[in-house]
Protein chains: 2
Amino acid sequence: MVYIGIDLGGTNIAVGVVDENGKILHKGSRPTLVERGYGPVIADMAAESLKVLGESGYTLDDVAAIGVGVPGVADPDTGRIPFCTNLAWHDVPFWAEFQQHINKPLYVENDATVAGLAESVSGISAGANSSVFLTLGTGLGGGIIIDGKPYSGHHHVGSELGHIIIEMDGELCTCGQRGCFERYGSATALIRDGRRALDHTPDSLIGQLCGGDPAKINAKIVIDAARQADPAATKVFRRYARSLAVGIVSIINFIDPQVVVLGGGVSLAGDFLLDAVKEALKPMVFFKSLPYADIKLAMLGPDAGIIGAAMLGR
Amino acid sequence: MVYIGIDLGGTNIAVGVVDENGKILHKGSRPTLVERGYGPVIADMAAESLKVLGESGYTLDDVAAIGVGVPGVADPDTGRIPFCTNLAWHDVPFWAEFQQHINKPLYVENDATVAGLAESVSGISAGANSSVFLTLGTGLGGGIIIDGKPYSGHHHVGSELGHIIIEMDGELCTCGQRGCFERYGSATALIRDGRRALDHTPDSLIGQLCGGDPAKINAKIVIDAARQADPAATKVFRRYARSLAVGIVSIINFIDPQVVVLGGGVSLAGDFLLDAVKEALKPMVFFKSLPYADIKLAMLGPDAGIIGAAMLGR
């Protein structure tokens with residue numbers, strides 16, 4: 001049997017046929033075109049699934065289940081999607097709608113949760129019985145895997161790790177609160193602080209790397225400048241790594257997972273980031289002489305969305 | 001069958017014979033006398049168990065299991081106790097030692113976890129499939145119950161909810177970190193801020209209630225002054241309730257339990273506290289239109305330690 005995994009993003013619908021070990025056998029994608037509303041988007045998700053399946057040489061009879069990762073909240077019990085903010089979806093009856101096109105067992109979960117599941121099936125946290133996955137991108141998403149299964153809480157509003165508060169009365173968040181982890185641990189935080197640093201230190205290497213245009217500063221530029229030991233960028237990067245460590249120490253002291261996985265764009269900084277986070281974390285953990293979670297870099301990249309979605313039905 | 005629950009504290013060893021519904025049938029206690037070291041303390045835990053069991057009319061043959069709540073970290077898999085800071089216990093082979101006295105199935109867990117379990121068996125969170133319990137005392141302890149079972153994480157260092165960080169670079173904590181939830185949500189925080197308030201506002205009602213001696217300020221005095229609308233005490237109390245809400249919103253956005261239970265000394269402030277926390281929490285939750293955890297007051301009081309310990313073996 002095979003599984004179909006659908007990674008629903010604001011830009012693209014990515015679909016893959018995946019085997020039971022989390023290996024992608026064939027994949028494809030088409031644009032989401034959000035502005036059409038949910039009906040045509042869901043029809044296209046089904047159409048792309050059938051297309052990719054056909055190309056893979058399998059038929060619907062070979063498909064055990066279809067899973068979908070969505071950029072928002074999903075209710076895995078009812079298949080309804082209460083919120084996908086950047087798709088402008090509100091209370092979408094996803095199961096009912098999708099099953100008008102393909103009638104197979106259908107699973108739906110938040111995209112960060114799905115990516116965390118992928119890493120725990122065939123990625124860096126494979127074999128771990130519990131893990132927390134952090135996507136360090138424009139926002140900061142979280143996925144919790146306990147006993148090999150995604151955990152999103154009683155009302156399915158959990159694993160919003162970007163919105164645990166690490167600085168009371170701190171930076172204003174898009175959610176309306178202040179001091180959310182996302183405001184300190186996302187790529188957006190690195191960019192904001194990179195711009196502030198360039199403002200205060202106009203001769204910083206950051207200015208050179210962005211061609212003098214602060215609007216062009218991205219996470220990679222700030223990290224590259226820090227790699228080259230630019231003092232202003234190094235200060236920003238160290239503060240960033242320390243903020244990540246503050247969030248991670250809360251994760252460890254709270255649910256003590258076996259592994260914490262760093263994914264998303266910022267994690268492409270690799271060991272330079274990982275080493276800085278681990279160094280900042282070490283003196284912070286509560287029980288200094290007892291073992292605690294390994295911190296690791298995600299390894300599946302963007303495919304994690306397809307793989308994890310497919311594995312929802314495994 | 002009955003269960004024996006032992007609540008090991010720094011001052012007393014409390015023991016109860018408990019039925020399978022979490023009802024105490026008979027109980028007793030004796031002083032811990034910590035300074036003797038763990039051997040004699042564990043011998044006394046067994047002796048008190050046999051004494052209370054005898055008085056209850058049951059025999060060892062009626063006992064299905066014995067459970068123990070300890071004020072520190074416990075490894076439920078090996079029965080070793082790596083740390084009980086205020087007992088000065090380090091890496092105590094608890095099972096081996098206790099079973100020299102009574103040979104019955106033996107369970108051991110952190111005391112806040114055990115109290116949370118008690119509330120979820122026969123207390124305020126009975127029937128909930130997941131709950132987080134907070135003891136608001138000298139420190140701030142946490143217990144996590146998922147699917148009716150205590151959850152302390154992969155390395156058994158989790159559920160240390162007093163040490164999730166809610167204010168980066170905030171108040172210095174006894175653990176060496178800054179900004180831990182315990183520094184804002186414990187009775188100690190109310191006392192500290194009550195003293196600071198009296199310092200700045202010598203005519204505050206707090207001064208009257210403590211007889212002019214700041215050393216006599218306790219959580220009840222600060223809360224009583226706030227109840228009587230003393231402005232300085234009200235400010236301290238509101239800040240306290242808001243800090244609790246900040247920690248609770250992190251708990252909700254992280255693992256989204258069905259219920260959050262407030263226990264420990266400060267929770268005796270009752271609805272005055274509960275209402276203030278709920279009011280502060282409401283605008284902070286991430287998904288404002290979706291259901292989230294009920295916040296409730298613990299109902300079992302100090303007996304939770306005995307009941308929860310007994311229920312570990314159920």
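**Notebook: helices and the A/B contact**

I began at the start of H3(B), where a side-chain oxygen of Asn110(B) comes to within 2.9 Å of the backbone nitrogen of Ala112(B). A reminder to myself: this is a predicted model.

Next I checked the length of H3(B). The helix covers residues 111-122 of chain B, and its 12 residues at 1.5 Å each should span 16 Å; the end C-alpha atoms are 16 Å apart, so the two agree.

Is H3(B) enclosed or open? I found 10 of its 12 residues buried, so the helix is largely enclosed by the rest of the structure. Among the buried ones I noted Ala112(B), Val114(B), Leu117(B), Glu119(B) and Ser120(B).

**Chain B against chain A**

I then turned to where the two chains meet. The contact draws 51 residues from chain A and 51 residues from chain B. Together the chains bury about 4600 Å², with 64% of that on carbon and sulfur atoms.

How many salt bridges are there between chain B and chain A? I have 2 salt bridges down for the pair. One I looked up joins the side chains of Asp169(A) and Arg242(B), at 2.5 Å from N to O. I also noted 26 residue pairs in polar contact between the chains, both residues at pLDDT 80 or more.

Which elements give two or more residues to the side of chain B that touches chain A? They are strand S5 (81-84), strand S9 (140-146) and helix H8 (231-255) of chain B. H8(B) makes the largest share, with 10 residues. Sorting that side of chain B by class, I got 29 nonpolar, 16 polar and 6 charged residues.

**H8 in chain A**

I moved on to helix H8 of chain A, residues 231-255. Its 25 residues at 1.5 Å each should span 36 Å, and the end C-alpha atoms are 36 Å apart, so this one agrees too. H8(A) is mostly covered, with 20 of its 25 residues buried. Just after H8(A) comes Asp256(A), and I noted its positive phi, near 45 degrees.

**Glu182(A)**

My last stop was Glu182(A), which sits in helix H4 (residues 182-185) of chain A. Is Glu182(A) buried or exposed? Its relative accessibility is 9%, so it counts as buried.

Where does its side chain go? The side chain of Glu182(A) reaches the backbone nitrogen of Leu140(A) at 2.8 Å. Leaving aside neighbours within four places in sequence, I listed the contacts of Glu182(A) as Gly139(A), Leu140(A), Gly162(A), His163(A), Cys173(A), Thr174(A) and Ala189(A).

Conventions: Residues numbered from 1 in each chain as written. Chains lettered and ligands numbered in written order. Predicted model: local features only at pLDDT ≥ 70, side-chain atom pairs only at ≥ 80, totals over all residues. Heavy atoms only, no water. Contact = heavy atoms within 4.5 Å. Buried area = accessible area lost by both parts, 1.4 Å probe. Salt bridge = Lys/Arg side-chain N within 4 Å of Asp/Glu carboxyl O. Polar contact = N/O pair within 3.5 Å; in protein donor to acceptor, adjacent residues only side chain to side chain. Helix = DSSP H or I, 4+ residues; strand = E, 2+ residues; numbered from the N terminus. Nonpolar A, V, L, I, M, F, W, Y, C, P; charged D, E, K, R; others polar. Expected span 1.5 Å × (residues − 1). Buried < 20%, exposed > 50% of the residue type's maximum accessible area, 1.4 Å probe, protein only.
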